[in-house]
Structures are given as C-alpha cells and as structure tokens.
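Visitor: Please take a close look at one part of this model. Pick a single element and show how it fits with the rest.

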Amino acid sequence: METNHPTSDGVQQLIDKIRDQGVQAAQAEADRLLNDARAQAAAIIANAKAEAEQEKDKAKAEIDAHRSASLDALDLAARDAVLVLKSRVTKRFEEFLSRMVVTATCDHELVRNLVLVLAGHAAEELIEDKEIHIRVSQALLGETTLEDDAREAILALSSDMLREGIELMPTHEIKGGARVRLVQDQLEIDLSDRAVARLIAQRIVPRFRAILEGTESA
C-alpha cells in the first residue's frame with residue numbers, strides 16, 4: 001500500500017498541473033478576448049465620435065451656408081426694395097415737377113410775356129429781322145375749351161407789339177411755354193413745358209436723390 005502513494009500523488013500533481021495550465025490558458029485567452037473586445041469597443045466609440053464630429057461639422061457648415069445665403073438674399077432684397085422705392089419716389093418727384101411746370105407755363109400771362117420778350121422789339125437786337133415762328137399751345141390760341149380771358153390775352157398781342165416777320169403758330173405738341181424757331185437758320189429755342197421741366201429736373205433731381213441717399217442734407 002505504501003508503494004501506491006507516490007504514484008497517486010504524481011497523478012494528482014499532473015492533474016493539478018494540467019488543470020492549472022488549462023485555467024491559466026483559459027484566463028489568458030479570456031484576457032486576450034476581453035482586451036480585444038475593449039480595443040474594438042474603444043475603436044468603435046472613437047469612430048462613432050469622429051463620425052459624429054464630422055456630421056456635426058458638416059451640419060454646422062450647412063447651417064452657416066444657409067444662414068449666409070439667407071442674409072445675402074435679405075440684403076439683396078432690401079437693397080432692391082430701397083432702389084425700387086428711391087426710383088418710385090424720384091419718379092413721383094419728377095412728375096410733381098412736371099405738373100408744376102405745366103401749370104406755370106400754361107398761365108396765359110406768362111406765355112403772353114414770354115412771347116413779348118422773345119418776339120417783341122426787345123429781341124430785335126439779338127434776332128434782328130429774321131423770320132420767326134413762335135409755337136404756343138393750340139389751347140392758348142384757339143381751343144374753345146380754354147378760358148376765354150386766357151385765349152383773348154394771347155390774341156390781344158397787336159401787330160405793334162410783334163414786329164414784322166414774327167408769326168404765332170398753334171400746336172398740339174406742347175401744353176405750355178413756347179418754342180421759337182428761326183426759320184432761315186433752322187434753329188429752335190425750346191422753352192416749352194417739357195423742356196423747362198427737363199431742365200429743372202436735371203438740376204434738382206440729382207440733389208433730391210442725394211438727399212434720399214443721405215449723402216446730402218436737405
């Protein structure tokens with residue numbers, strides 16, 4: 001019996017050794033698998049974070065681009081609106097000037113005096129004895145719709161007031177003022193309502209625009 005104990009102990013030691021080695025191997029494999037899993041998990045998390053950052057940056061860039069485009073569109077729309085408004089206001093101002101000039105140049109006393117100055121004896125020194133046609137509004141010379149006193153005031157210009165060679169000619173081309181034509185010279189002096197309105201507009205409208213734009217004070 002005593003001779004079996006060493007053999008039995010040896011077997012037990014062998015079993016223990018195999019068990020321990022198996023446990024160690026299993027533990028080592030388990031540790032390796034765990035480390036691999038941890039590494040993979042860390043890599044997945046890192047990739048996810050990187051993708052999330054990329055998506056975040058991409059979304060931020062798209063938002064910034066949309067916001068910039070929206071602001072540009074708003075600026076453009078505001079600028080266009082201001083330009084349209086300035087254009088409309090300027091046009092209304094020009095129309096207002098034109099109405100004022102038409103009203104003023106349709107005044108029979110103004111036209112009468114204008115004709116006297118242009119065609120009267122006072123003009124002889126400048127125009128001399130040249131043939132002159134003075135065109136005035138048809139309404140001032142013959143339209144029955146015009147007030148009688150205005151028509152009569154123009155027609156009352158006597159031959160003594162107008163020298164020879166001067167002819168008053170009615171026309172529908174103008175509403176107020178007059179046009180003086182030197183027949184031989186084929187030269188026309190335009191003092192009609194449109195010409196006067198255009199001349200006034202050329203001098204006043206630029207300053208009006210400057211006031212609208214704030215570059216000049218009223």
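Guide: Buried here means under 20% relative accessible area, exposed over 50%, and partly exposed in between (1.4 Å probe, protein chains only). The model is predicted, so local features need pLDDT of at least 70 and side-chain atom pairs pLDDT 80 or more, while totals for chains, interfaces and linings use all residues. Numbering runs from 1 along each chain as its sequence is written, and side-chain values use heavy atoms, without hydrogens or water.

The part I pick is helix H6, residues 193-213. First, its setting. The chain has 6 helices and 4 strands (DSSP runs numbered from the N terminus: H or I of at least four residues, E of at least two). In sequence order they read α-α-α-β-α-α-β-β-β-α. Of the 218 residues in the chain, 22% are buried.

Now the length of H6. It has 21 residues, and at 1.5 Å a residue (taken one less than the residue count) it should span 30 Å. The end C-alpha atoms lie 29 Å apart, which agrees. Yet H6 does bend, by about 35 degrees at Gln202 (the angle between axes fitted to the seven residues ending there and the seven starting there). A proline, Pro206, follows within four residues of the bend. Just after H6, Gly214 adopts a positive phi of about 80 degrees.

Which residues of H6 are buried? They are Asp193, Ala195, Ala197, Ala201, Val205, Phe208 and Ala210.

Phe208 deserves a stop. The structure holds 1 aromatic pair (ring centres of Phe, Tyr or Trp, its six-membered ring, within 6.5 Å; planes under 30 degrees stacked, over 60 edge-to-face, the rest tilted). The pair is Phe93 with Phe208: centres 4.0 Å apart and planes at 5 degrees, so it is stacked. It links distant parts of the chain, with Phe93 in helix H1, Phe208 in helix H6, and their positions 115 residues apart. Phe93 and Phe208 are both buried.

That contact leads to the partner helix, H1, which covers residues 5-105. Here salt bridges come in (a side-chain nitrogen of Lys or Arg within 4 Å of a carboxyl oxygen of Asp or Glu), and the structure has 10 of them. In H1, Asp36 bridges to Arg32, with the closest N and O atoms 3.0 Å apart. Asp36 and Arg32 sit 4 residues apart in H1, about one turn of the helix. An α-helix has 3.6 residues a turn, so residues three or four places apart point the same way. Asp36 is partly exposed at 32%, and Arg32 is partly exposed at 41%.

Asp64 and Lys60 form another bridge, at 3.1 Å between the closest N and O atoms. Both lie in H1, again 4 residues apart, about one turn. Asp64 is partly exposed at 27%, whereas Lys60 is exposed at 51%. Elsewhere, Asp16, Arg19 and Asp20 are joined in a network of salt bridges.

Back to the run-up to H6. Strand S4 covers residues 187-192, and H6 begins at residue 193. The side chains of Asp190 and Arg179 form a salt bridge, 3.4 Å from N to O. It links distant parts of the chain: Asp190 is in S4, Arg179 is in strand S3 (residues 177-182), and the two are 11 residues apart. Asp190 is partly exposed at 28%, while Arg179 is buried at 14%.
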